[in-house]
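Reader: I would like to go through this model feature by feature. For each one, please give the general idea and then the case at hand.

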Amino acid sequence: MMRTIDRSVIAQLMREETKRFEREHPKSRNLFERAKAHLLAGVPMNWMIRWAGSFPIFVDEGRGAYVTDVDGNRYLDFCLGDTGAMFGHSPKAVVDVMARRLRRGITMMLPTEDSVWVAEELARRFGLPYWQVAMTATDANRFAIRLARDVTRRPKILVYNGCYHGTVDEALVDLDGGAVVPRQGSIGPPVDPAVTTKAIEFNDVAALEDALAPKDVACVLAEPAMTNRGIILPEEGYHDALRDATRKTGTLLIIDETHTICCGPGGYTALHELKPDMVTLGKPIASGIPAAAYGISADVADRILAKVKAESTDESGLGGTLSGNALAAAAMRATLEHVITQANFDRMLPLAERFERGVSAVIQEMDFAWHVVRLGVRIEYRFMRRIPKNGLEAARGNDAELDRLIHLYMLNRGILLTPFHNMALISPSTKAKDVDRHTDVFRGCAEALAVVEQDFKAPEEIEQNRERRLGWLGGAE
């Protein structure tokens, strides 16, 4: 017998949890009401309203693996700034370097020795000889795409359905019946994305080869494992096929490691010995200080260097006045030298495995048609039985009501998950007792939800019934 979820139970629990949330966060509520007068939607960035609860909590402090809000509530943080603070809030080694650098100048439009060290270290880790610095991973991706278009003289890029590469216009797309359309929620797309972009499903080699065959694609921009619609792992042999297809068609391959740095000090690229033409990386590279970098192969560098060195390079569409500033370079060096290290991953990985085992055990105990998947120190659970192989299958597993309840249930018990999906990150400051605490709270939520609806003959019948109830179209998840 497998258990499914009674919608009325979710609604009742949500009412109870909302009352508790509002009771325990009066200062956050007052700040939110005050913020509405001058912050659009009451928050400095619109997506901050996506947190569970009637209003966002306002934070006071973050240290290590914990965050404290203005009401004095302390949270075990598995969100970690959605990777920006993946290696813990304000690591001491980085803070000490920042304090010294702040006193010696923040930005001067001139390089520092730290920037040389950072480039040397990134080259060692990722296997690409040349590097440039940006402010965000979005910028790094934009600049890499510009380089790819210039050296290939091709207009389009290719991305995967369900991808996310920051606010890159060309990548804010969905597949709708095979057509490339603006992503739902995309505000003010400058042009029809079908003009600039091709999109295919992840893990589909035939679709990849068909898309690249006309030789009008400058680059494939890809996470090596997808993370925006939950973790979607590449099937065996897919990366070999991707590299083979891009080389045969003269298409550049850009690997976005911003999230997949969770796999190790050199990300998925180093762990699985990928050979991209470019690598982009942001968020955690400077422990939360705005900074990013992109690596370039010798071949691409040779084909673009003359333009990079031209008199008009300040208007090339690459870079920004604050890019590569002294503070960011110092933060990147301190982070790479002391924080994103193999020693820290040796501590974090066993805890990530412990987290995965704990969640899996609860799912099995409760007989829910859910699953948990792990990518390095990133773990995600999803409300579907089978692990999806692409963005379309992942989207079919969305359950907004259940997702919101679990986030609020966790938050009310002092645990933060990433607001957009059920993702957890393990930091060097996370301890075994922290992981076990999450397992206990997760079990409590699962027990509160557990209602035997029907005894079906087969798991497939359970999934089909669930899809009909939720109004999904199509077949299996």
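Reader: Which way do the side chains of S3 point, and are they buried or exposed?

Author: In a regular strand the side chains alternate between the two faces of the sheet. This is a predicted model, and in it Tyr-66 and Thr-68 point one way from S3 while Val-67 and Asp-69 point the other way. All four of these residues are buried.

Reader: Which strands does S3 pair with, and in what sense?

Author: Strands of a sheet pair through backbone hydrogen bonds, either parallel or antiparallel. S3 (residues 66-69) is antiparallel to S4 (residues 74-77), with three bridges between them. S2 and S3 also run antiparallel, joined by four bridges. As for individual partners, Tyr-66 is bridged to Leu-76 in S4, Val-67 stands opposite Tyr-75 in S4, and Gly-62 has Val-67 of S3 as its bridge partner.

Reader: What do the turns beside S3 look like?

Author: The hairpin of S2 and S3 has two residues between the strands, and Gly-64 there takes a positive phi near 60 degrees. The hairpin of S3 and S4 has four residues between its strands, and Gly-72 in that turn has a positive phi of about 85 degrees.

Reader: In what order do the strands of this sheet lie?

Author: The order is S2-S3-S4-S16, an open sheet of four strands with mixed pairing. At the edges are S2 (59-63) and S16 (415-416), each of which pairs on one side only.

Reader: How is the sheet of seven strands arranged?

Author: That sheet is also described by its strand order, which is S5-S13-S12-S11-S10-S6-S9; it is open, and its pairing is mixed. Its edge strands are S5 (130-134) and S9, each paired on one side only. From one strand to the next the twist averages 20 degrees. S5 and S13 (residues 292-296) are antiparallel over five bridges, and Tyr-130 stands opposite Ile-296 in S13.

Reader: Which strands do H7 and H10 touch on the sheet?

Author: H7 packs on the sheet against S6, S9 and S10, and its direction makes about 165 degrees with that of S9. H10 (residues 298-308) packs on the sheet too, touching S5, S11 and S13, and its direction makes about 95 degrees with that of S13.

Reader: How should I read the packing of H7 and H8?

Author: Two packed helices are described by the angle between their axes and the distance between the axes. For H7 and H8 the angle is about 10 degrees and the axes are 10 Å apart. The two helices are therefore roughly parallel to each other, as angles under 35 degrees count as such. H7 contributes Val-205, Leu-208, Glu-209 and Leu-212 to the contact, and H8 contributes Tyr-238, Ala-241, Leu-242, Ala-245 and Thr-246. By type, the residues of this contact are seven nonpolar, one polar and one charged.

Reader: Which residues of H8 are buried, and what covers them?

Author: An α-helix has 3.6 residues a turn, so residues three or four places apart point the same way. In H8 (residues 238-248) the buried residues are Tyr-238, His-239, Ala-241, Leu-242, Arg-243, Ala-245 and Thr-246. Their cover includes the strands S6, S9, S10 and S11 and the helices H7 and H9. Just after H8, Gly-250 takes a positive phi of about 70 degrees.

Reader: Is Thr-152 buried or exposed, and which residues does Thr-152 touch?

Author: Thr-152 is found in H5 (residues 137-152). Its relative accessible area is 13%, and because buried means under 20%, Thr-152 is buried. Not counting residues up to four places away in sequence, Thr-152 touches Ala-218, Gly-250, Leu-252 and Arg-303.

Reader: Is Gln-184 buried or exposed?

Author: Gln-184 lies in the loop between S8 (179-182) and H6 (193-196). Its relative accessibility is 77%, so Gln-184 counts as exposed.

Reader: Which residues touch the most other members of the largest nonpolar core?

Author: In soluble globular proteins, nonpolar side chains tend to be buried together. Here the largest nonpolar core has 139 residues, of which Trp-370, Ile-426 and Leu-449 touch the most other members. H12 (residues 342-366) supplies the largest share of this core, nine residues. Leaving aside neighbours within four places in sequence, the contacts of Trp-370 include Ile-5, Phe-383, Leu-402, Phe-442 and Leu-449.

Conventions: Residues numbered from 1 in each chain as written. Predicted model: local features only at pLDDT ≥ 70, side-chain atom pairs only at ≥ 80, totals over all residues. Heavy atoms only, no water. Buried < 20%, exposed > 50% of the residue type's maximum accessible area, 1.4 Å probe, protein only. Contact = heavy atoms within 4.5 Å. Pairing = 2+ DSSP bridges. Axes fitted to C-alpha atoms, helices over the stretch in contact; angles between N-to-C directions. Core = buried A, V, L, I, M, F, W, Y, C linked by side-chain atoms within 4.5 Å. Parallel < 35°, antiparallel > 145°, perpendicular 65-115°, else oblique. Nonpolar A, V, L, I, M, F, W, Y, C, P; charged D, E, K, R; others polar.
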